[in-house]
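This report describes the architecture of a protein chain and then turns to selected positions within the fold. Please keep the sequence and the coordinates at hand while reading.

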Amino acid sequence: MVSLNKVMLIGNIGSDPEMRYTPNGNPVISFRMATNRVYTTPSGEKKQETDWFSVIAWNKLAEQCNQFLTKGRLVYVEGRLHNRNWEGLDGQKHYRTEVIANRVTFLDRQAATTAEEKPEEGLEDIIDGDDLPFG
């Protein structure tokens, strides 16, 4: 059975990324990014809708993001969705959907470059970039 979990986002970093290390010393960075959608209502009024995403990157990709990302930067993030849940100190259940990034492209002029995590061994791309129906 084939399945696909892929997310592609273009947006702005909402705050400076937070870099930390696991007990084993693996770097991990997290940041929030915002995407905007502009649309026109049936009455002709233009509106803007903003969606916020939590993004996580690991290892070398985390280090590269830590070097280049700051609040306000325009980025392209490619990765997968991951649902996480935990119980807080107050006993409440908490849920969060995060984007686990495997590619981050810095789109503004300050550093137009791509950082990419090596794919897990044995995994291959399902869709070739030339087969995409857009851009």
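Is leucine 61 buried or exposed? At 1% relative accessibility, leucine 61 counts as buried, because the cut-off for that class is under 20%.

## Overall architecture

The model is a predicted one. The protein contains one helix and seven strands, and their order along the sequence follows the pattern β-β-β-β-α-β-β-β. Of the 135 residues in the protein, 29% are buried, while the area that the protein exposes comes to about 9,900 Å², with 47% of it supplied by carbon and sulfur atoms.

Among the contacts in the protein with a separation of 6 or more, 55% are accounted for by residues 24 or more positions apart.

## Strand S3 and its partners

Strand S3 spans residues 27–40 and pairs with several strands. With S1 (residues 7–13), the pairing is antiparallel and extends over two bridges, and isoleucine 13 stands opposite methionine 33 in S3. Strand S2 (residues 18–21) also runs antiparallel to S3, to which four bridges join it; here glutamate 18 is placed opposite serine 30 in S3. The pairing of S3 with S4 (residues 46–58) is again antiparallel and comprises 13 bridges, with alanine 57 in S4 as the bridge partner of isoleucine 29.

Two of these pairings are hairpins. Five residues lie between S2 and S3, and glycine 25 in that turn has a positive phi of about 90°. The hairpin of S3 and S4 likewise has five residues between the strands, and in it glycine 44 takes a positive phi near 95°.

## Threonine 35 within S3

Threonine 35 lies in strand S3 and is buried, with a relative accessible area of 14%. When its neighbours within four places in sequence are left aside, threonine 35 is in contact with Leu9, Ile10, Gly11, Glu49, Thr50, Asp51 and Phe53. A further relation concerns asparagine 12, which is 23 residues apart from threonine 35 along the chain, although the C-alpha atoms of the two are separated by 6.8 Å.

## Helix H1

Leucine 61 is found in helix H1, which covers residues 59–68. The C-alpha atom of leucine 61 is separated by 8.4 Å from that of alanine 101, a residue 40 positions apart from it along the chain.

Asparagine 59 also belongs to helix H1, and its relative accessible area of 36% makes it partly exposed. Most residues other than glycine have a negative phi. Asparagine 59, however, has a phi near 55°, a positive value in a residue other than glycine.

## Glutamate 78 in strand S5

How is glutamate 78, a residue of strand S5 (residues 74–87), placed with respect to its surroundings, and what does its side chain contact? With a relative accessible area of 13%, glutamate 78 is buried. Its side chain makes a polar contact of 2.4 Å with the side chain of tyrosine 76, and another polar contact, of 3.3 Å, joins the side chains of glutamate 78 and lysine 6.

Lysine 6 also appears among the residues in contact with glutamate 78 once neighbours within four places in sequence are left aside; that list consists of Lys6, Val7, Met8, Ile100, Ala101, Asn102 and Arg103. Alanine 101, included in this list, is the residue whose C-alpha atom is separated by 8.4 Å from that of leucine 61.

Notes:
Residues are numbered from 1 along each chain as its sequence is written. This is a predicted model: local features need pLDDT of at least 70, side-chain atom pairs count only at pLDDT 80 or more; totals for chains, interfaces and linings use all residues. Side-chain values use heavy atoms; hydrogens and water are left out. Buried means under 20% relative accessible area, exposed over 50%, partly exposed in between (1.4 Å probe, protein chains only). Contact means heavy atoms within 4.5 Å. A polar contact is a pair of N or O atoms within 3.5 Å; within protein, one must be able to donate a hydrogen and the other to accept it, and residues adjacent in sequence count only if both atoms are side-chain atoms. Accessible areas come from the Shrake-Rupley method with a 1.4 Å probe; for residues, only the protein chains shown count as cover. Two strands pair if DSSP finds at least two bridges between them.
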